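Colleague: Please take one part of this model and give me a close look at it, with enough of the surroundings to place it in the fold. I should like the cut-offs behind each term as well.

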Amino acid sequence: MPTKPDHDKSKSEDTPHYHGHRERLRERFYSAGADALSDYELLEMALFAALPRRDTKPLAKTLIKTFGSFAEVVHAPVARLREVEGIGESAINQLKLIAAAAHRVAKGDVNSRNALSSWNEVIDYCRTSMAFADKEQFRLLFLDKRNQLIADEVQQTGTVDHTPVYPREVIKRALELSATALILVHNHPTTPYSITLDHA
């Protein structure tokens, strides 16, 4: 007597093993929040859209092992990301989109507060914008008399340990914007999270 086809078994074999894992991860994210997820798990979710037909867990773990943290992964230079086995352009674009979104959110937070009212706020804002840049930047924050941010501009980009500064260009731009205060910022690519600030 012929055996009855096991439709449930056939269906389970056709479904990639990671689908259930994705659903469980999403459920934990929405029920308990991002703090309930480790860096690599949050990175897994970030890669879902870019890699819909792949298990993103191994790649997420490799990226965290290579760069150190979620923040360092999304801010890693494109050239270094391309060196990671298994990553493609769609995944890199997704990571760079997240980095750009983080910068935009930080800038929006500053605008909503209307002012950079403390050095801690300035440092937090600058770290979001440039702490993981692979080259040294000379960045200018132009403020009005109430310390409201008028503009945030990268004036020069240099090498890993050097960037030129041209005082004439700085003053010229400040006058164009009618700024009454300046915060001059530069990063240290060899030391992530390291930011140097000067106020004028």
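Modeller: Asn 147 is partly exposed, at a relative accessible area of 32% (buried means under 20%, exposed over 50% and partly exposed in between, with a 1.4 Å probe and protein chains only). The model is a predicted one, in which local features need pLDDT of at least 70 and side-chain atom pairs count only at pLDDT 80 or more, whereas totals for chains, interfaces and linings use all residues. Residues are numbered from 1 along each chain as its sequence is written, and side-chain values use heavy atoms, with hydrogens and water left out.

Asn 147 belongs to the loop between β1 (137-143) and β2 (149-157) (strands are DSSP runs of E with at least two residues, helices are runs of H or I with at least four, and numbering starts at the N terminus). Although Asn 147 is not a glycine, its phi is positive, at about 65 degrees. Ser 178 likewise has a positive phi without being a glycine, here about 55 degrees. That residue sits in the loop between α9 (167-177) and β3 (181-187), and its relative accessibility of 57% makes it exposed.

These loops belong to a chain with 9 helices and 4 strands, arranged along the sequence as α-α-α-α-α-α-α-α-β-β-α-β-β. Of its 200 residues, 36% are buried. The chain exposes about 12,100 Å², of which carbon and sulfur atoms supply 52% (areas come from the Shrake-Rupley method with a 1.4 Å probe, and for residues only the protein chains shown count as cover). Among contacts with a separation of 6 or more, 51% link residues 24 or more positions apart (contact means heavy atoms within 4.5 Å).

The part that I would examine most closely is α3 (39-48). Of its 10 residues, 7 are buried, so α3 is largely enclosed by the rest of the structure. The buried residues are Glu 41, Leu 43, Glu 44, Met 45, Ala 46, Leu 47 and Phe 48, a list that includes the two glutamates Glu 41 and Glu 44. Ahead of this helix, Ser 38 lies in the loop between α2 (18-32) and α3, and it is partly exposed, with a relative accessibility of 27%. Its C-alpha is 9.1 Å from that of Phe 70, at a sequence separation of 32 residues.

Leu 42, within α3, also approaches Phe 70: their C-alpha atoms are 7.8 Å apart, with their positions 28 residues apart in sequence. Beyond its neighbours within four places, Leu 42 is in contact with Phe 29, Ala 34, Leu 37 and Phe 70. Leu 42 is nevertheless partly exposed, with 24% relative accessible area.

Next comes the packing of α3 on α4. Two packed helices are described by the angle between their axes and the distance between the axes. Here the axes of α3 and α4 come within 8 Å and cross at roughly 125 degrees (axes are lines fitted to C-alpha atoms, for helices over the stretch in contact, and angles run from 0 to 180 degrees between N-to-C directions). That angle makes α3 oblique to α4 (under 35 degrees counts as roughly parallel, over 145 as roughly antiparallel, 65 to 115 as roughly perpendicular and the rest as oblique). The crossing is right-handed, the near helix being turned clockwise from the far one by less than a right angle. From α3, the contact involves Asp 39, Tyr 40, Leu 43, Glu 44 and Leu 47, and from α4 it involves Lys 57, Leu 59, Ala 60, Lys 61, Leu 63 and Ile 64.

Several of these residues recur in the largest nonpolar core, which has 20 residues (a core is a set of buried Ala, Val, Leu, Ile, Met, Phe, Trp, Tyr and Cys residues joined through side-chain atoms within 4.5 Å). Leu 43, Leu 47, Leu 63, Leu 81, Ile 87 and Leu 95 touch the most other members. At least two core residues come from each of α3, α4 (57-67), α5 (70-74) and α7 (89-113), and α4 gives the most, with 5.

Leu 95, in α7, is buried at 0% relative accessible area. Outside the residues up to four places away, it touches Leu 43 and Leu 47, along with Leu 63, Val 73, Val 74, Leu 81 and Ile 87. Its C-alpha is also 8.9 Å from that of Ala 76, 19 residues away in sequence. Leu 81, with the same exclusion of neighbours within four places, is in contact with Leu 63, Phe 67, Val 73, Ala 76, Ile 87, Ile 92, Leu 95 and Lys 96. A second, separate core of 12 residues includes Ala 106, Leu 116, Ile 183 and Val 185.
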